[in-house]
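Please open the model in your viewer and keep the selection tool at hand. We will go from stop to stop, and at each one you will be told what to select and what is there.

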Amino acid sequence: MGVLAWITLLPLAGAVLTMLVPREEEAIHRGIGLGTAIITFLASLFILSDFDASKAGFQLEVDKVWVESLGIHFHLGIDGISLWLVLLTTFLMPVTLLAPQAIGTRNVRVRDFVVAMLVLEAGMIGAFLALDMFVFYVFWELMLIPMYFIIGIWGGERRLYASIKFVIYTLVGSLLMLVAILYLYAQYHAATGAFSFDYVSLVRLSLPFEPQLLCFLAFALAFAIKVPLFPLHTWLPDAHVEAPTGGSVILAGVLLKFGTYGFLRFALPMFPLATEAMAPTIAVLAVIGIVFGALMAYVQDDAKKLVAYSSVSHMGLVVLGIFTLTQIGMQGAIFQMLAHGISTGGLFLGVGLLYDRRHTRNLADFGGLWKRIPVFSACFLVIVLASVGLPGLCGFVGEFLVLLGTFGAHNEWIRSGLAGGFLPLPRILTIVSASSVILSAMYLLTMMQRIFFGPLDKPENRDPHVRDIHGRERWVFGIIIVAALATGIYPQPILSRSEKSVSGLLSLFQARLKDAKANPEATPHIYPANP
Amino acid sequence: MNFDSSQIFAYLPMLIVIGMGCVVLLAETFATAASRSGLAWLGVGGCIAASVALGLQWGDAAQATTHFQGMLIVDRMSLYLDATFLVAALLTLLFAPPYLREQGFEFGEFYAMVLFGTGGMMMVAHAAGFVTLLIGIETMSLAAYVLTGSWRRNLRSSEGAMKYFLIGAFATGFLVYGMALVYGTTGGALSYTAIAAKVPEASKTPVFLFGEYFILIALFFKVAAVPFHMWAPDAYEGAPTPVTGFMAAGVKAAAFGGILRILETAFGNPLLVFDFTGWANIVVVLAAATMLLGNLAALRQENVKRLLAYSSIGHAGYILVGVAAMGLGSASAKPAVLFYLLSYTFTTLGSFGVIAWIGNRQDERLFVDDWAGLGASRPAVALAMTVFLLSLGGVPPTGGFFAKFFLFKAALESPQLYWLVVLGVLTSVVSVFYYLRIVVAMYFREPLRPLAPTDAAATRAALVITAFAVLLLGIFPGPFVDLAGPFVGK
């Protein structure tokens, strides 16, 4: 078994082990959970050392027959696009489990929490690595159940509503995606006579425009709900606010990335004609989301809701980067995913810590906390600045590249004849979305100010319970800050490892597009395998 | 009339089950209150023996053989269904005794009826002619009526049995009438192959079509397809809980077996499948209506048994999608339906097993609210129930997911069914919503009153087996798919 299979199955093994320990031994459960997550992270570092940045295709593949008669294989592989997302997952999970506030205020049933988090981790890693559409779908859904329980059991007041909304939204999208997957499977079978769910095979299938558009919409709905793209974002503030801190961190840090990852991995190469047709629309929706999310964040009084809406805004930027269909924009999108995972994960951890100290998230209840808890305040400021996009921190690189890519898309789109009728579009989008830099500074710094600055006039804030970070919390925030700084100051290792895969994806996309336009009447057929 | 004793041995599993039913009935005469539960174990032994006999036959059944003037057939499909019925019977015999003892109506006849009903189902699965189909359906149904009403002191049980019996008798009327019409118009054909041979000529007369559809209507009654579903919620709710599981899974599987066989052989001619009067269209419409009504009506139910009754109607709709796909020429539709029935049997029996477990004599705890807090007080049972509910909703990694996946995959082989599949997945989302209501109660709410379940070692063992099987069918479905039959592309 390759390293990819190991890191997928390790968390599951940890979950089983945790279940075997009696319910009362909470310390052991936490220990096993944290230990498993750390071991998984260390194992995932092997991927990094084995990864060959000069290759565009999939590496370290694992391929085992699962259901032979249906052509289902347990096929995993990694490339420059999924590499960093997997590492983000394995990185955030131990950090989250290390944080004492991860479980939230309902500090009950620790064992079940650890099991849910570990199953969730396995689902996330598996879905990023899956190269078989069936396997991808199974892992995709496998993430849903633990997250549902995490919100529903350890969540806040309105957790029932939030958890069911989360599930129903996600399921509507993903089940239609399943139909599209089955359709592709049937078309592939009709064209070749072979049964296969393999991504590498199905991606070679060329469909006429109409079925492409329908399949694209089915996939895009699932992904757009996950991102979430405006106007499908309404589940997110509910889910985030009700979820316990650990749930919010993983939800914002990793789960949302499945939407944008799905666009890159599946929607673009499989449905080039539909992507071209829909790219301007999705880009516009993304920009609306950027501005709308930012404005919504600005008017929130609940710190957690503010961070949740900031996710809508920042993830809009990722979608915009992808649908510029340019090298720079897409690489920027991948980097922004990573940066958002680190900074928003940090923000949620910070808000969770504040809630732990003060039992409120209402910004009006805070004020002047810097005097009381200076170390935490400084940490939080760094994370906030990373999220705002201050140069030298992780948020800047992604944001800058996406905006650069969007601006450059103008020439790209003229050259490739994209979005024919309305060419100023990329430039307008750049200008509008650049406002997000200012807007995010506005809402995040306002939050910063209302919590940490001003007079320390509320008696509750002087309560001895409001302690500065100590013990394991130091580690949690220290690690997050180091990650934000390291990726911000020296982004090259990340960009260079995703470069080949993105350019490979883009040239594949353009070649397919050209070919499909040259023969618009072609029946479904199979492209030759890539060299 | 030639009679060959080897013909008898081809039906050994059925004979064992029925024979064991007779033994249980006789032994009941000598049983005391204490030894009565031993009768259930006799039945379990019978099921195991029948399974062994079935396993021995499997190799020979690769080639279908008919016996008794083409009235009965042994092939892989019938044996796969037999195995499904045996699973249903076995689990019912494990779940029922503690429940019956607790509610105070443990009679040996109950176990005998389960076995007779199973024998009837097997007859339906093997039926290749009208006479055997009728005998099978009646044996199965009579046993089901009796079982439904076996809780004599309970008004709901009697009401359910009465409704079930009256509507069932009505359906039988349709069946016999339809058979008579087909028999007349085909010049006295009784076996499916003989009918199929006469179809090109007979189908010119509308009377034949009436006969065909009368037979189908009767079978649709048995699977509770909309609009022939009216009896199901009352019968399912009224029946003693282990019986509900047995009916919802076993009877349905048998009726679908009968539908598959008759549509494939007797009415498989393209003349009867396509066009305006063809059954494919009608099955498609029924499937859509059944999925919609079953799942939407389940949304509003507070009683868990009734909720699962409506959900079971919804599942009949999904299986009908597979039947339609078979008619439209999808090669993997039949294996998909068979796999679905197997997975559904495990899941349904398991979930009704939990419902039987949770109540006691004073308090049946049939309402969703009664399940509050189960996740904290009994994590293992709650986990098993969650697995069953997720499987019913079609969420991986459970058997129910793979079954739906396989079925929809088969349906997508014919472009006419695309919209039906989309409807199917959307109703699945609806179904997840109401299944999750039970999960919500179990995990997200505090208990209202203390729990006093009907605990027994047999129940616990059966729940473990069932939950394990549901996960096995979801994670390693390969062997079960292969056993359901080979399929090659169009």
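**First stop: a loop in chain B**

Select A224(B), which lies in the loop between α9 (206-223) and α10 (231-238) of chain B; helices here are DSSP runs of H or I with at least four residues, strands are runs of E with at least two, and both are numbered from the N terminus. Its phi is near 60°, a positive value in a residue other than glycine. Most residues other than glycine have a negative phi, and most peptide bonds are trans. A224(B) counts as buried because 28 C-beta neighbours lie inside 10 Å; a residue is buried if 20 or more other C-beta atoms, placed from the backbone, lie within 10 Å of its own, exposed if 12 or fewer, and partly exposed in between.

**How to read the model**

This is a predicted model, in which local features need pLDDT of at least 70 and side-chain atom pairs count only at pLDDT 80 or more, while totals for chains, interfaces and linings use all residues. Residues are numbered from 1 along each chain as its sequence is written, and chains are lettered from A and ligands numbered from 1 in the order in which they are written. If you colour by pLDDT, the predictor's confidence in each residue from 0 to 100, chain B has a mean of 89, with 98% of its residues reaching 70 or more. For the complex, the predictor gives an ipTM of 0.87 and a pTM of 0.90.

**Helix α4 of chain B and two partners**

Next select residues 76-103 of chain B, which form helix α4, together with residues 333-358, which form helix α15; the two pack at an angle of about 0°, with their axes 10 Å apart. Axes are lines fitted to C-alpha atoms, for helices over the stretch in contact, and angles run from 0 to 180 degrees between N-to-C directions. α4(B) and α15(B) are therefore roughly parallel to each other, given that angles under 35 degrees count as roughly parallel, over 145 as roughly antiparallel, 65 to 115 as roughly perpendicular and the rest as oblique. Among the residues that make this contact are L81(B) and F95(B) of α4(B), and L338(B) and F346(B) of α15(B); two residues are in contact if their C-beta atoms, placed from the backbone, lie within 7 Å. By class, the residues of this contact are 14 nonpolar, four polar and one charged, where Ala, Val, Leu, Ile, Met, Phe, Trp, Tyr, Cys and Pro count as nonpolar, Asp, Glu, Lys and Arg as charged, and the others, Gly among them, as polar.

Now add helix α11 (residues 241-264) of chain B, whose axis comes within 9 Å of that of α4(B) and crosses it at roughly 170°. That makes α4(B) roughly antiparallel to α11(B). Residues to show as sticks include A88(B) and T92(B) in α4(B), and G245(B) and A249(B) in α11(B). This contact has 11 nonpolar, six polar and no charged residues.

**A cis bond, then the contact between chains**

Move along chain B to P396(B) and P397(B), which are joined by a cis peptide bond with omega of about 0°. P397(B) lies in the loop between α17 (379-393) and α18.

Which helices of chain B each supply at least two residues of the side that touches chain A? The contact takes 24 residues from chain B and 29 residues from chain A, and the helices to select are α18 (399-411), α19 (418-444) and α21 (478-483) of chain B. α19(B) gives the most to this side, with 11 residues.

**Across to chain A**

Hide chain B and look at chain A, which has 21 helices and four strands. Its C-alpha trace spans about 75 × 55 × 40 Å along its principal axes, and 60% of its 531 residues count as buried.

Select H29(A), placed in helix α2 (residues 26-50). H29(A) counts as buried, with 23 C-beta neighbours inside 10 Å, and, not counting residues up to four places away in sequence, it touches T18(A), V21(A), V110(A), R111(A) and V114(A).

Then go to V227(A) and P228(A), where a cis peptide bond has an omega of about -10°; P228(A) is in the loop between α8 (209-226) and α9 (235-242) of chain A.

Finish at L325(A), in the loop between α13 (303-323) and α14 (327-358) of chain A. Phi of L325(A) is near 55°, a positive value in a residue other than glycine, and L325(A) is buried, with 25 other C-beta atoms within 10 Å.
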